[in-house]
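Thanks for coming, everyone. I have one structure to walk through today. Let's put it up on the screen.

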Amino acid sequence: MPVFEDSVFIACPLQDVFDFMVESGNLAVWDISVERAEKVGTGPVGLGTRTRGMSKIMGKHLEWATEMTEFQPPTRITYTSVEGQISFAVTNVLEPVAGGTRLTYRVDTGSGLGGVFGRLAEPFIEIAQTRTLRGNLETLAKLLGGPQSK
């Protein structure tokens with residue numbers, strides 16, 4: 001079960017980062033692999049909220065749906081896949097630090113990515129996804145906190 005995890009400092013208050021992260025539509029703004037993401041249904045965001053979207057990983061389009069399985073404002077959010085070709089959970093842990101917020105972003109893939117791309121491709125996909133995650137977090141930090149974020 002591959003795990004991708006990285007952290008980033010964002011020069012932005014904790015609550016502002018949390019509010020941005022729980023809005024489904026914002027995912028496609030900072031994650032280059034997400035082509036679309038939208039909240040399913042109406043009502044406030046919270047435990048049980050569903051998001052439907054599509055990602056493009058290594059040239060392959062993957063539709064997915066998640067459910068918010070952990071919601072602890074303003075420090076922790078977990079989305080767990082409920083539909084799609086890949087089983088995964090994404091956990092965001094936010095911590096207040098001097099001058100902003102530290103975000104730790106973790107993706108747990110249930111069966112790895114080999115089931116979709118082939119077992120031989122899995123090591124290459126893992127390397128690519130690790131690089132993509134780093135770039136995405138840097139994009140998020142710049143978007144929310146400006147150039148002083150790292």
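One term before we start: a residue is called buried if its relative accessible area is under 20%. And a caution: this is a predicted model. With that cut-off, buried residues make up 45% of the 150 residues in the protein.

Now the surface. About 7,600 Å² is exposed. Carbon and sulfur atoms supply 55% of that area.

Next, the parts list. The protein has four helices and seven strands. Read from the N terminus, the order is β-α-α-β-β-β-β-β-β-α-α.

How far along the chain do contacts reach? Take the contacts between residues at least 6 apart in sequence. Of these, 49% join residues at least 24 apart.

On to the sheet. Seven strands build it, and it is open. The order across is E1-E7-E6-E5-E4-E3-E2, with antiparallel pairing. Which strands stand at the edges? E1 and E2 do. Each has a single partner strand, so one side of each has no neighbour in the sheet. From one strand to the next, the twist averages 20°.

Let's go through some of the pairs. Start with E4 and E5. They pair antiparallel over eight bridges. One bridge sets Thr-66 against Ser-81 in E5. The two strands form a hairpin, with three residues between them. Look at the loop here. Pro-74 lies in it, between E4 and E5. The peptide bond joining Pro-73 and Pro-74 is cis, with omega about -10°.

Move on to E5 and E6. Five bridges join this antiparallel pair. It is a hairpin too, and three residues sit between the strands. Tyr-79 stands opposite Val-90 in E6. Thr-80 has Ala-89 of E6 as its bridge partner.

Then E6 and E7. They are antiparallel as well, and ten bridges hold the pairing. Pro-96 is partnered by Thr-101 in E7. Val-97 is partnered by Gly-100, also in E7. This hairpin has two residues between its strands. Gly-99 is in the turn, and its phi is positive, about 85°.

Now zoom in on Ala-89. We just met this residue as the partner of Thr-80. Ala-89 belongs to strand E6. Is Ala-89 buried or exposed? Its relative accessible area is 18%. The limit for buried is under 20%. So Ala-89 counts as buried. What does Ala-89 touch, beyond its neighbours within four places in sequence? The list is Tyr-79, Thr-80, Arg-106, Val-107 and Asp-108. Also look at Thr-109. That residue is 20 residues from Ala-89 along the chain. Yet the C-alpha atoms of Ala-89 and Thr-109 are separated by 6.6 Å.

A second residue to look at is Thr-51. You will find Thr-51 in strand E3, residues 50-57. Thr-51 is buried, and its relative accessible area is 5%. Which side chain makes a polar contact with the side chain of Thr-51? That is Ser-24, at 2.7 Å. Ser-24 also appears in the contact list of Thr-51, which leaves aside neighbours within four places in sequence. Also on that list are Ala-37, Glu-38, Lys-39 and Val-40. Trp-64, Ala-65 and Thr-66 complete it. Thr-66 we have seen already, as the bridge partner of Ser-81.

Last stop, the inside. How many residues does the largest nonpolar core have? It has 30. Ile-10, Met-21, Leu-103 and Tyr-105 have the most contacts inside this core. Several elements each supply at least two of its residues. Among the strands that do so are E1 (3-10), E2 (34-40) and E4 (60-72). E5 (76-84), E6 (88-97) and E7 (100-109) do as well. Two helices join in: H1 (14-22) and H4 (122-145). Which element gives the most? That is H1, with six residues.

Let me recap. There is an open sheet of seven strands, paired antiparallel. E1 and E2 are at its edges. E4 and E5 make a hairpin. E5 and E6 make another, and so do E6 and E7. Strands and helices both feed the largest nonpolar core, and H1 gives the most to it.

That's the tour. I'll take questions now.

Notes. Residues numbered from 1 in each chain as written. Predicted model: local features only at pLDDT ≥ 70, side-chain atom pairs only at ≥ 80, totals over all residues. Heavy atoms only, no water. Core = buried A, V, L, I, M, F, W, Y, C linked by side-chain atoms within 4.5 Å. Buried < 20%, exposed > 50% of the residue type's maximum accessible area, 1.4 Å probe, protein only. Contact = heavy atoms within 4.5 Å. Areas by Shrake-Rupley, 256 points an atom, 1.4 Å probe, with all protein chains shown as cover. Pairing = 2+ DSSP bridges. Axes fitted to C-alpha atoms, helices over the stretch in contact; angles between N-to-C directions. Polar contact = N/O pair within 3.5 Å; in protein donor to acceptor, adjacent residues only side chain to side chain.
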